[in-house]
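I opened this model to look up its pockets, its sheets and a few single residues. My notes are below.

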Amino acid sequence: MNDHHPGSGGDDVRRRNLSAVLAQVHTRREVARSQITRATGLSRSSVATQVGELIAAGLLRESAAGESTGVGRPSPVVSPTGRFLAVAVNPDVDGVSVALCALGGQIVAQTKRASSSLMNPAEAARLAAEALEELTADRPDAVLLSVTAAIPGRIDIARDRVAVAPHLQWHDVPFSAMLEAATGLPTTSHPDATIGLEAERLWGAAEGLDDAVYFYGGPGGIGGAAMVGGQVLAGRVGAAARLGHLIVAPDGPLCVCGSVGCLTTMVSFHQLAAAFGVTSGSLDDLKAAIETETSTTLRGFLDRELEYVGRALRTAISTYDPALILLGGFFAVLFEVGGEQLLGSIAPDNLSSLRSPAVLGTPALGVDQLLIGAGAKGFEPLLHDPLGYAQRRASA
């Protein structure tokens, strides 16, 4: 990384240096100035200058206590102020969740507008805007950067529209535009599983990895994402890694995608909850019900569900060769109650061509992962141009 110097391209070098410093604080949440120096390759004086500018812009704060450099005073510790916030929105079949997120993947406030019936897109946008107004009522000094929606479906990337969210029954919906009109903030939409995997790579179980696969089971169906060589796959029209549509039962029922026996038709939260008598929609309640069930019939049903998931895991490993497979949502419950069976399904003798099968794990960020990931997406323009974007949003 080059220090800022006058002359041609100096402004761009300064922007890149500011971006590098802010990115260190964003990903590490709280970091000594000396650590920023080592990580970026900038000089100590340059880091001090960049941090000072970011503090003056209201993005960062600095505290005196910190890591000792071996000589002189300890290095000051830098952290986000929490003044600049990104808005995360997650519509699903049971309502819409909204959160205010600070740099560093921190949720500072969140709420949910529950719905007893499927929301149409206009209703979801209205409820999200109402929730945002409630969350910001006591934060008059906050600067809202943007809104990011984590969608349980596929996004048409080129047009930023929801191509299909089958369980919401949304088709070719301009949800970003609807949210932008309702909130007055720049808005984008992304598939929920992609959002979740990116959050786990920044601050969770996939931190430091370049190859991982994510299965997310929510009330609105199954989402999937794959990261290969450090890149989360999107595909030509945003349809890559649709893991819910891996075929696990060739003689199974017809899926909404037109195929038969897809994972999402064979394994779902609603099927599991109905089988084990869970009416609350709670993953904890589902886990407790499964763990205390003694019926031979229901244990057999659970074994079949785990076999379907195991087939999907084997296909994902053969396709993407990940170091880690994350199981989120109700898949985390299945892993907790049937981990031995799932691990057996990907044991080396079941994957003879692969000597090192993937590790199975659950998301470290828990139920907030989608909101944290959506918030992180909202900070991308700020991280690219910290002072310019902050100034534009502060004066908007």
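The entries below run from pockets to sheets to single residues.

**Entry 1: the model.** I am working from a predicted model. I keep that in mind for every value here.

**Entry 2: largest pocket.** I started with the pockets. The largest pocket has a volume of about 920 Å³. I counted 38 residues in its lining. Nearest its centre lie Tyr 216, Pro 219, Gly 281, Leu 283 and Val 367. Next I listed the elements that give two or more residues to this lining. The strands are E4 (84-92), E6 (106-114), E12 (212-218) and E15 (324-329). The helices are H8 (269-275), H9 (283-292), H11 (330-345) and H12 (369-378). By residue type, the lining of the largest pocket divides into 15 nonpolar, 16 polar and seven charged.

**Entry 3: second largest pocket.** I moved on to the second largest pocket, with a volume of about 690 Å³. Its lining holds 42 residues. Closest to the centre of this pocket are Gly 153, Arg 154, Ile 155, Pro 191 and Gly 238. Which elements give two or more residues to the lining of the second largest pocket? I found strands E8, E11 (187-191), E12 and E13 (221-228), plus helices H6 (192-203) and H7. E13 gives the most, with five residues. The lining of the second largest pocket splits into 18 nonpolar, 16 polar and eight charged residues.

**Entry 4: three-stranded sheet.** I then turned to the sheets. One open sheet has three strands, in the order E8-E9-E10, with antiparallel pairing. Strand E8 (154-156) and strand E10 (170-173) stand at the edges. Each has a single partner strand, so one side of each is left without a neighbour in the sheet. Neighbouring strands of this sheet are turned by 25° against each other on average, direction ignored. I looked at one pairing in detail. Strand E9 (residues 161-165) and E10 run antiparallel and are joined by three bridges. Val 164 stands opposite His 171 in E10.

**Entry 5: five-stranded sheet.** Another open sheet has five strands, in the order E14-E13-E12-E15-E16. Its pairing is mixed. E14 and strand E16 (359-361) are the edge strands, and each pairs on one side only. I checked E15 against E16: the two run parallel, with three bridges between them. Leu 324 stands opposite Val 359 in E16.

**Entry 6: Gly 244.** Where does Gly 244 sit? I found it in the loop between strand E14 (231-232) and helix H7 (263-266). Is Gly 244 buried or exposed? Its relative accessible area is 2%. The cut-off for buried is under 20%, so Gly 244 counts as buried. I then looked up its contacts. Leaving out residues up to four places away in sequence, Gly 244 touches Ile 222, Cys 262, Leu 263 and Thr 264. I also checked Gly 223. Gly 244 and Gly 223 are 21 residues apart in sequence, and their C-alpha atoms are 6.0 Å apart in space.

**Entry 7: Asp 12.** My last residue was Asp 12, found in helix H1 (residues 10-28). Asp 12 has a relative accessible area of 33%. Partly exposed runs between the 20% and 50% cut-offs, so Asp 12 is partly exposed. I also took one distance from Asp 12. Leu 370 is 358 residues away along the chain, and the C-alpha atoms of the two are separated by 33 Å.

Terms used:
Residues are numbered from 1 along each chain as its sequence is written. This is a predicted model: local features need pLDDT of at least 70, side-chain atom pairs count only at pLDDT 80 or more; totals for chains, interfaces and linings use all residues. Side-chain values use heavy atoms; hydrogens and water are left out. Helices (H or I, at least four residues) and strands (E, at least two) are DSSP runs, numbered from the N terminus. Buried means under 20% relative accessible area, exposed over 50%, partly exposed in between (1.4 Å probe, protein chains only). Contact means heavy atoms within 4.5 Å. Two strands pair if DSSP finds at least two bridges between them. Axes are lines fitted to C-alpha atoms, for helices over the stretch in contact, and angles run from 0 to 180 degrees between N-to-C directions. On a 1 Å grid over the protein atoms alone, a cavity is a set of points where a 1.4 Å probe fits but cannot get out, and a pocket is an open set with protein on both sides within 12 Å along at least five of seven lines; lining residues have an atom within 4 Å of a point. Grid points are joined across faces, edges and corners, and a volume is the space filled by probe spheres set on the points. Ala, Val, Leu, Ile, Met, Phe, Trp, Tyr, Cys and Pro count as nonpolar, Asp, Glu, Lys and Arg as charged, and the others, Gly among them, as polar.
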